[in-house]
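Thanks for coming, everyone. I'll put the structure up now and walk through it from the sheet outwards.

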Amino acid sequence: MAGTGQIAPDAAEIERLARTAIARLPDVFRAHLGGILLIVEEFAENRILDEMDIDDPFALSGLYSGRPVGEPRQTGDPPATIHLYRRAILDEWIEGGEALDHLVAHVLVHEVGHHFGLSDTQMHALEDAAG
(Lines give C-alpha, C1' and ligand atoms only; values in the text may rest on other atoms or scores of the structure.)
Protein backbone atom coordinates (compact mmCIF):
# COMPACT_ATOMS: atom_id res chain seq x y z
CA MET A 1 0.00 0.00 0.00
CA ALA A 2 3.03 2.24 0.27
CA GLY A 3 2.95 5.01 -2.25
CA THR A 4 -0.78 4.66 -2.93
CA GLY A 5 -1.80 7.34 -0.46
CA GLN A 6 -3.98 4.82 1.37
CA ILE A 7 -3.69 3.97 5.03
CA ALA A 8 -3.87 0.32 6.04
CA PRO A 9 -7.02 -0.54 7.99
CA ASP A 10 -6.40 -0.40 11.74
CA ALA A 11 -7.39 -2.95 14.39
CA ALA A 12 -10.72 -1.18 14.97
CA GLU A 13 -11.64 -1.56 11.29
CA ILE A 14 -10.70 -5.26 11.27
CA GLU A 15 -12.84 -5.74 14.40
CA ARG A 16 -15.75 -3.88 12.78
CA LEU A 17 -15.54 -6.15 9.73
CA ALA A 18 -15.39 -9.23 11.97
CA ARG A 19 -18.42 -8.11 14.00
CA THR A 20 -20.32 -7.49 10.75
CA ALA A 21 -19.48 -11.04 9.67
CA ILE A 22 -20.68 -12.38 13.04
CA ALA A 23 -23.96 -10.49 12.62
CA ARG A 24 -24.52 -12.29 9.28
CA LEU A 25 -24.09 -15.77 10.77
CA PRO A 26 -27.21 -17.90 11.22
CA ASP A 27 -28.96 -17.40 14.58
CA VAL A 28 -28.12 -20.92 15.72
CA PHE A 29 -24.41 -20.02 15.63
CA ARG A 30 -24.68 -16.46 16.94
CA ALA A 31 -26.56 -17.73 19.99
CA HIS A 32 -23.37 -19.49 21.14
CA LEU A 33 -20.95 -16.65 20.43
CA GLY A 34 -22.05 -14.12 23.04
CA GLY A 35 -19.41 -15.06 25.58
CA ILE A 36 -16.51 -15.31 23.15
CA LEU A 37 -13.92 -12.56 23.23
CA LEU A 38 -12.85 -11.10 19.90
CA ILE A 39 -9.34 -9.67 20.00
CA VAL A 40 -7.49 -8.08 17.11
CA GLU A 41 -3.72 -7.96 17.51
CA GLU A 42 -0.87 -7.12 15.16
CA PHE A 43 0.69 -10.62 15.30
CA ALA A 44 0.40 -13.78 17.37
CA GLU A 45 2.65 -13.85 20.40
CA ASN A 46 5.97 -15.65 19.96
CA ARG A 47 4.85 -18.22 22.54
CA ILE A 48 1.85 -19.16 20.39
CA LEU A 49 3.91 -19.30 17.21
CA ASP A 50 6.44 -21.54 18.97
CA GLU A 51 3.69 -23.84 20.33
CA MET A 52 2.26 -24.18 16.83
CA ASP A 53 5.71 -24.61 15.25
CA ILE A 54 5.15 -21.58 12.99
CA ASP A 55 8.27 -19.66 11.99
CA ASP A 56 6.66 -16.82 10.05
CA PRO A 57 4.20 -14.62 12.03
CA PHE A 58 2.53 -13.70 8.73
CA ALA A 59 1.47 -17.36 8.38
CA LEU A 60 -1.12 -17.16 11.18
CA SER A 61 -4.10 -14.89 10.55
CA GLY A 62 -6.45 -16.19 13.23
CA LEU A 63 -6.65 -18.46 16.25
CA TYR A 64 -9.42 -19.89 18.40
CA SER A 65 -8.60 -20.75 21.99
CA GLY A 66 -11.08 -22.34 24.34
CA ARG A 67 -13.27 -25.37 24.72
CA PRO A 68 -15.59 -26.23 21.83
CA VAL A 69 -19.35 -25.95 22.32
CA GLY A 70 -20.63 -29.02 24.15
CA GLU A 71 -17.42 -29.62 26.08
CA PRO A 72 -17.96 -28.82 29.74
CA ARG A 73 -16.08 -25.80 31.02
CA GLN A 74 -13.70 -26.34 33.89
CA THR A 75 -13.24 -24.03 36.86
CA GLY A 76 -10.49 -21.59 35.99
CA ASP A 77 -10.85 -21.95 32.20
CA PRO A 78 -10.08 -18.69 30.45
CA PRO A 79 -12.91 -17.39 28.27
CA ALA A 80 -13.12 -18.69 24.73
CA THR A 81 -11.33 -16.24 22.45
CA ILE A 82 -10.99 -15.58 18.75
CA HIS A 83 -7.80 -13.76 17.88
CA LEU A 84 -7.46 -12.07 14.51
CA TYR A 85 -3.94 -11.04 13.52
CA ARG A 86 -4.13 -7.78 11.60
CA ARG A 87 -0.75 -7.77 9.89
CA ALA A 88 -1.13 -11.35 8.61
CA ILE A 89 -4.64 -10.57 7.35
CA LEU A 90 -3.46 -7.40 5.61
CA ASP A 91 -0.53 -9.23 4.03
CA GLU A 92 -2.88 -11.89 2.64
CA TRP A 93 -5.29 -9.18 1.50
CA ILE A 94 -2.58 -7.32 -0.40
CA GLU A 95 -1.15 -10.47 -1.98
CA GLY A 96 -4.46 -12.15 -2.83
CA GLY A 97 -6.57 -9.24 -3.98
CA GLU A 98 -9.69 -10.54 -2.20
CA ALA A 99 -12.02 -7.94 -0.71
CA LEU A 100 -10.96 -7.25 2.87
CA ASP A 101 -14.43 -7.83 4.31
CA HIS A 102 -14.57 -11.28 2.66
CA LEU A 103 -11.10 -12.18 3.89
CA VAL A 104 -11.87 -11.13 7.47
CA ALA A 105 -15.14 -13.09 7.31
CA HIS A 106 -13.25 -16.13 6.01
CA VAL A 107 -10.71 -16.05 8.85
CA LEU A 108 -13.41 -15.36 11.44
CA VAL A 109 -15.68 -18.17 10.23
CA HIS A 110 -12.76 -20.60 10.31
CA GLU A 111 -12.14 -19.74 13.97
CA VAL A 112 -15.87 -19.86 14.79
CA GLY A 113 -15.84 -23.31 13.19
CA HIS A 114 -13.22 -24.44 15.69
CA HIS A 115 -15.50 -23.21 18.49
CA PHE A 116 -18.21 -25.53 17.17
CA GLY A 117 -15.89 -28.40 16.24
CA LEU A 118 -16.90 -28.17 12.57
CA SER A 119 -15.27 -29.96 9.65
CA ASP A 120 -13.78 -27.96 6.77
CA THR A 121 -16.87 -28.73 4.66
CA GLN A 122 -19.15 -27.43 7.41
CA MET A 123 -16.96 -24.33 7.79
CA HIS A 124 -17.32 -23.59 4.07
CA ALA A 125 -21.11 -23.84 4.36
CA LEU A 126 -21.06 -21.50 7.36
CA GLU A 127 -18.84 -19.08 5.47
CA ASP A 128 -21.29 -19.08 2.58
CA ALA A 129 -24.07 -18.22 5.04
CA ALA A 130 -21.99 -15.34 6.46
CA GLY A 131 -20.90 -14.05 3.05
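**The sheet and what packs on it**

Let's start with α1. This helix lies across β1 and β3, and its direction makes about 145° with that of β1. Keep in mind that this is a predicted model. α4 also packs on the sheet, where it touches β1 and β3. Its angle to β3 is about 50°.

Now the sheet itself. It is open, it has 3 strands, and the order is β1-β3-β2. The pairing is mixed. β1 and β2 are the edge strands, each with a single partner, so each has one side without a neighbour in the sheet. From one strand to the next, the twist averages 15°.

Take the pairings one by one. β1 and β3 run parallel, joined by 5 bridges. Leu-37 has Thr-81 as its bridge partner in β3. Val-40 is bridged to Leu-84 in β3. On to β2, residues 62–65. This strand runs antiparallel to β3, with 4 bridges between them. Here Ser-65 stands opposite Thr-81 in β3. Tyr-64 has Ile-82 as its bridge partner in β3.

So which side chains on β3 are buried? Thr-81, His-83 and Tyr-85 are buried on one side, and Ile-82 and Leu-84 are buried on the other. Both faces are covered. That makes 5 of 5 residues buried, so β3 is largely enclosed by the rest of the structure.

β1 reads another way. Leu-38 and Val-40 form a covered face. Leu-37, Ile-39 and Glu-41 form an uncovered one.

**The cores**

Next, the nonpolar packing. In soluble globular proteins, nonpolar side chains tend to be buried together. In this model the largest nonpolar core has 29 residues. Those with the most contacts inside it are Ile-14, Ile-82, Leu-84, Ile-89, Val-104, Leu-108 and Val-112. Which elements feed it with two or more residues? They are α1 (11–23), β1 (37–41), β3 (81–85), α4 (86–96), α5 (100–116) and α6 (120–130). α5 gives the largest share, 9 residues.

Ile-14 is a good residue to click on. Leaving aside neighbours within four places in sequence, Ile-14 is in contact with Pro-9, Val-40, Leu-84, Arg-86, Ile-89, Leu-90, Leu-100 and Val-104. Apart from the big core there is another one, of 8 residues. Among its members are Ala-44, Leu-49, Ile-54 and Tyr-85.

**α4 and Ser-61**

Back to α4. Its buried residues are Arg-86, Ala-88, Ile-89 and Leu-90. Note that an arginine, Arg-86, is on that list. What covers them? The cover includes α1, β1, β3 and α5. After α4 comes Gly-97, and its phi is positive, near 75°.

One polar residue deserves a look too. Ser-61 is in the loop between α3 (46–51) and β2. Is Ser-61 buried or exposed? Its relative accessible area is 16%. The cut-off for buried is under 20%, so Ser-61 counts as buried. Setting aside neighbours within four places in sequence, Ser-61 is in contact with His-83, Leu-84, Tyr-85, Ala-88, Ile-89, Glu-92 and Val-107.

**The whole chain**

Let me zoom out. The protein chain has 6 helices and 3 strands. From the N terminus on, the elements run α-α-β-α-β-β-α-α-α. The radius of gyration is 15 Å, close to the 14 Å that the globule rule gives for 131 residues, so the chain is as compact as a globular protein of that length. Along its principal axes, the C-alpha trace spans about 50 × 35 × 25 Å.

How many of the 131 residues are buried, as a percentage? The figure is 37%. As for contacts with a separation of 6 or more, 62% are between residues 24 or more positions apart. The accessible surface comes to about 7,500 Å². Carbon and sulfur atoms account for 51% of that surface.

To wrap up, three things to take away. β3 has both faces covered. α5 gives the largest share of the largest core. And Ser-61, in the loop before β2, is buried.

Methods. Residues numbered from 1 in each chain as written. Predicted model: local features only at pLDDT ≥ 70, side-chain atom pairs only at ≥ 80, totals over all residues. Heavy atoms only, no water. Core = buried A, V, L, I, M, F, W, Y, C linked by side-chain atoms within 4.5 Å. Buried < 20%, exposed > 50% of the residue type's maximum accessible area, 1.4 Å probe, protein only. Contact = heavy atoms within 4.5 Å. Pairing = 2+ DSSP bridges. Rg over C-alpha atoms; globule rule 2.2 N^0.38 Å. Areas by Shrake-Rupley, 256 points an atom, 1.4 Å probe, with all protein chains shown as cover. Axes fitted to C-alpha atoms, helices over the stretch in contact; angles between N-to-C directions.
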